[in-house]
Amino acid sequence: MRTVDPDSLEAFAQTAIEGCGAPAGTAETVARSLVSADLVGHSSHGVVRLPYYATQIDDGSLDPTALPAVEETGLFHQIDGGGAFGQVTGRRAVELLTETAAEHGVGVVGIHDSGHLGRIGEWADQVAGEGYLFASWVNLHGGAQRIAPHGTADRRLGTNPITFAVPSFGALPFDMIYDGATSQVAHGKIIERDGSGERLPTDWTITETGDPVEHAADFEDQIGALLPLGGTETGHKGFGLATMTELFAAIIGGGPVASEEEQNWAGNGAAFVAIDPTVFSTREAVAERVSKLSQFIRSAEPIEADGEVLLPGEPEYRTARDRRKAGIPIEDAVIENLQSIADDLDIREFLPETIR
Ligand code: NAD
C-alpha cells in the first residue's frame with residue numbers, strides 16, 4: 001500500500017484515458033470521477049477501473065469518442081448512453097436535471113445503454129450541491145446478475161443501487177446522501193478482496209447448501225450469489241428494493257430488465273429525479289429540519305465505548321477531507337495494474353512519483 005497525491009493521480013488517469021483514445025474533455029471528466037470515488041473512500045469505483053475500461057475499449061463495448069444523445073419528451077428527458085463513458089452520461093444527466101428543476105421545480109431523466117455510471121453518490125452530490133433533492137434507481141441494464149432472490153442462491157439481479165440526497169444548505173458541512181447497493185455489499189467489495197486469499201464475511205453471500213461463499217475468487221468463478229440487503233433473515237426487503245429498482249430504472253430509462261438481454265459488461269440503466277425543495281418549503285426551513293434531525297440522531301448513545309453516530313454521507317465527507325490532506329492510499333495490486341497500463345501506453349513518467 002502506498003499513498004498518492006489526488007491531483008497527480010487525476011492527471012495520470014486523464015493521460016491514460018486520452019492514451020486509450022478519448023478526447024481531452026472526456027478524459028478529464030472520467031479521471032475526475034474516478035479520483036473523486038477514491039477520495040471519498042469508494043476505491044472499488046476509482047482508478048482501479050482503468051484496466052477494465054482499457055479492456056472494454058479494446059473489445060469495442062466502450063467507445064471513448066462517443067457522446068450520449070438526449071431524447072426530449074416534453075418536460076422529461078431520456079438519454080441514450082450510446083456506448084460512451086458513463087461518467088460523461090452522468091454529467092449530462094445532472095445538467096439536464098438541474099436545468100429542468102430550476103425551470104419547472106422537478107426534473108426527471110431516464111438513461112439507457114450507459115457505460116458504467118460509477119459511484120452514483122457523485123451525481124447525487126452534484127445535484128444536492130445545486131440545492132435540489134435527488135433520488136435515483138439504477139440497474140445493471142439486465143446484466144451483471146449477482147443478487148439471489150430471498151431464500152435462494154441463484155443470481156437474478158444486479159446490485160441495483162438506490163440513492164437519495166438532501167441539500168443541507170449549510171446546516172452541516174456536507175449534504176445528506178444515502179447511496180448504497182441493494183445487496184449486502186456492492187460487488188466492488190468482493191473484487192477488492194479477490195487475490196487476497198482472505199475469507200469473505202459470512203453474511204455477504206450464499207451458496208445452494210445455504211453456506212456462504214468462502215473466497216472472493218470463488219464468487220468471481222460464479223459460485224453462489226450475493227445476499228440481498230437484510231441477509232438470510234430479512235433479505236426479502238432488500239430483494240424487493242432491488243426488484244423495484246430494476247423496473248423503475250428500465251421503465252423510465254428505456255433499457256432492458258434482467259431476462260431480456262444477456263449482458264456481462266458493467267453498464268447501467270437509470271431513473272434520476274431532482275426536485276426543487278423551495279417549491280414546498282424554504283432553504284432556511286430545510287436547513288433547520290436537517291439540523292434538528294441530525295442533532296436528534298446524534299443524541300443516540302453508541303453501544304461501543306469508542307462508537308460514534310454518523311449521518312448518511314458523513315463517512316464519505318470525512319474520508320475525502322482526510323485524503324485531500326494525507327493523500328489516497330492505493331493497494332499494491334492496483335499500483336501494479338496502473339504501472340502496467342502506463343507501460344502499455346508508454347506514459348510511465350506521468351505516474352504519480354510515489355507509485356512510479
Ligand atoms: P456503503 O455500504 O459503503 O454505504 C451505503 C450508505 O451508507 C452511504 O450513503 C454511506 O454514507 C452510508 N453509511 C456508511 N456507513 C455509515 C455509518 N456508519 N453510519 C451512517 N451511514 C453510513 O455502500 P455500498 O452499498 O457498498 O455501495 C458503494 C458504492 O457502489 C455506492 O457509491 C454505489 O453507488 C456504488 N454502486 C454502483 C453500482 C453501479 O452499477 N454503478 C452498483 C452498485 C453500487
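Author: A salt bridge is a pairing in which a side-chain nitrogen of Lys or Arg lies within 4 Å of a carboxyl oxygen of Asp or Glu. The model is predicted: local features need pLDDT of at least 70 and side-chain atom pairs count only at pLDDT 80 or more, whereas totals for chains, interfaces and linings use all residues. Numbering runs from 1 along each chain as its sequence is written, and side-chain values use heavy atoms, with hydrogens and water left out.

Reader: Why is the pair E314 and R298 called a salt bridge?

Author: The closest N and O atoms of E314 and R298 are 2.5 Å apart; the limit is 4 Å, so the pair qualifies. E314 belongs to helix α10 and R298 to helix α9, so the pair ties together parts that are 16 residues apart in sequence. Helices here are DSSP runs of H or I with at least four residues, and strands are E runs of at least two, numbered from the N terminus. E314 and R298 also belong to a network of salt bridges that includes E308 and R318.

Reader: What makes E314 buried, and how is R298 classed?

Author: Buried means under 20% relative accessible area, exposed means over 50%, and partly exposed lies in between (1.4 Å probe, protein chains only). E314 has 5% relative accessibility and therefore counts as buried. R298, with 34%, is partly exposed.

Reader: Why do E288 and K292 count as a salt bridge, and where do they lie?

Author: Their side chains meet at 2.9 Å, N to O, which satisfies the 4 Å limit. Both residues are in helix α9 (residues 283-298), 4 residues apart, about one turn of the helix. E288 is partly exposed because its relative accessibility is 46%, while K292, at 53%, counts as exposed.

Reader: What makes D322 and R321 a salt bridge?

Author: The N to O distance between the side chains of D322 and R321 is 3.5 Å, so the pair also falls within 4 Å. D322 has 42% relative accessibility and is therefore partly exposed; R321, with 36%, is partly exposed. In the whole structure the search finds 12 salt bridges.

Reader: How many salt bridges does the rule find across the interface of domain 1 and domain 2?

Author: The rule finds 0 there. Domain 1 comprises 1-62 + 300-356, and domain 2 comprises 66-182 + 235-289; such bounds come from an automatic or database domain assignment. Four residue pairs would be an incomplete description without the criterion: a polar contact is a pair of N or O atoms within 3.5 Å, where within protein one must be able to donate a hydrogen and the other to accept it, and residues adjacent in sequence count only if both atoms are side-chain atoms. By that rule, 4 residue pairs are in polar contact across this interface (both at pLDDT 80 or more).

Reader: How many residues of domain 1 are in contact with domain 2?

Author: Contact means heavy atoms within 4.5 Å, and 25 residues of domain 1 meet 20 residues of domain 2 in this sense. In domain 1, L62, P312 and Y317 lose the most area to domain 2, together 23% of what that side buries.

Reader: What makes the phi of D113 and of D346 notable?

Author: D113 has a positive phi of about 50 degrees although it is not a glycine, and D346, also not a glycine, has a positive phi of about 60 degrees. D113 is in strand β4 (residues 106-114) and, at 29% relative accessibility, counts as partly exposed. D346 lies in the segment after α11 (332-345) and is exposed, with 65%.

Methods. Buried area = accessible area lost by both parts, 1.4 Å probe.
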